[in-house]
Amino acid sequence: MNFTFSVSNGNDSFDQGFYLIAFNTLANKNYLILALVIIYLITLLCNLTLLAVVMMNSSLQNAKFLAICNLAIVDISISSVIIPQMVPVFVFNLNHISFGTCFSQMFFLHFFGDMESFSLALLAYDRLVAICFPLRYPTINTNLSMGMIIAAIWFLVFLIEVYPVTLASLLPYCNSRVVGSCCCEHGPLVNLACADISYNKRMATAKSLVVLFGPLTFIICSYAIVIIAVLRIASATQRWKAFHTCLTHLLLVLIYYLPVILAYILGNLQLIQSIDMYTAILTIFVTLPPLLNPIIYSLKTEELRDKVLKFLITPKVAPHLHKQEAAS
């Protein structure tokens, strides 16, 4: 998706684009970029390994791991939208970005950010069905039904994001073209428009509340039902096993939502005066969950952990060597 326009505002051509300016007041800006690049590379490695392991093992190709793979794809995507473009911008000072590229980045940035919360809600739904309807789980959560739910979520989030981004792209930007952020976020960019942006801001706030707290409300309600169902189980061992299957997902929810809530508190209470420092912290908060998600799932899910260890540790021996060893 590329938002490209050939409109003019006053004496400034609409195709001049924007300039991303951030981290100028940070003494060790390059160390921050280096840390983000390392985070990105580990994110790619972990999530691609998880996807490869699931694809190579037919026993993992079920609805649960289809939802996990969906989260891994979202994790790779959100990091890929943010981090790679920061290297030329803040290391080599190539901070100009065209209008089309900027609004495309805005769309995908918010699209995959929204997908993160909906993907966590999808995993909560999977655990809800698995614990409350264990005997009917294979017939309720088939690969087809899970695939259709995932496709519906992607389409829903597309509809949620395309409207505010399109409206933002139609605003006149005839004043400053300097965006005080590390990427083309909706808020900092819309603030540059020389027009009434009150509707854009209200819509963006409403959208953010819906995509953050809508899935979170579903997750909380799901686990309230799960807790009630688990407490009815007579065996303490079975209760612990049921809670343990939910623990991994709860960790992912905390890792995603706690930084979001903390960033909201820091921003609104102005506890951090430096805009550059706040942007740096917010960027770390956004890029850490995609790195931690596959690690936590690989460590806490026994069936996945065994397959990952086998994938990483088992020596890759050629088939003809196996035959020679067998013959000897």
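**Close-ups of a cavity and a nonpolar patch**

The residues lining the largest cavity split into six nonpolar, two polar and one charged. That cavity and a surface patch are the subjects of the views below, and keep in mind that the model is predicted.

**View 1. The one cavity that turns up.** Searching the whole structure gives just one cavity of 30 Å³ or more. The space inside the largest cavity comes to about 40 Å³.

**View 2. Who lines the largest cavity.** Look here for Asn-47, Leu-50, Ile-68, Leu-71, Ala-72, Asp-75, Asn-293, Pro-294 and Tyr-297, which make up the lining. Three helices each put in at least two of the lining residues: H1 (29–56), H2 (63–82) and H10 (275–300). H2 has the largest share, with four residues.

**View 3. A nonpolar patch on the surface.** Tyr-31, Leu-34, Ile-38, Ile-42, Ile-295 and Leu-299 together make a nonpolar surface patch of about 570 Å². Helices H1 and H10 show up again, each supplying at least two residues of this patch. H1 gives the most, four residues.

**View 4. Zooming in on Ile-295.** This patch member sits in helix H10. Is Ile-295 buried or exposed? Neither, quite: its relative accessible area is 30%, so Ile-295 counts as partly exposed. Helix H10, where Ile-295 is found, also supplies at least two residues of the lining of the largest cavity.

Note on methods
Residues are numbered from 1 along each chain as its sequence is written. This is a predicted model: local features need pLDDT of at least 70, side-chain atom pairs count only at pLDDT 80 or more; totals for chains, interfaces and linings use all residues. Side-chain values use heavy atoms; hydrogens and water are left out. On a 1 Å grid over the protein atoms alone, a cavity is a set of points where a 1.4 Å probe fits but cannot get out, and a pocket is an open set with protein on both sides within 12 Å along at least five of seven lines; lining residues have an atom within 4 Å of a point. Grid points are joined across faces, edges and corners, and a volume is the space filled by probe spheres set on the points. Ala, Val, Leu, Ile, Met, Phe, Trp, Tyr, Cys and Pro count as nonpolar, Asp, Glu, Lys and Arg as charged, and the others, Gly among them, as polar. Patches are made of residues with over 30% relative accessible area and no salt bridge: like charges are joined within 9 Å, nonpolar side chains (Val, Leu, Ile, Met, Phe, Trp, Tyr) within 5 Å. Accessible areas come from the Shrake-Rupley method with a 1.4 Å probe; for residues, only the protein chains shown count as cover. A salt bridge is a side-chain nitrogen of Lys or Arg within 4 Å of a carboxyl oxygen of Asp or Glu. Buried means under 20% relative accessible area, exposed over 50%, partly exposed in between (1.4 Å probe, protein chains only).
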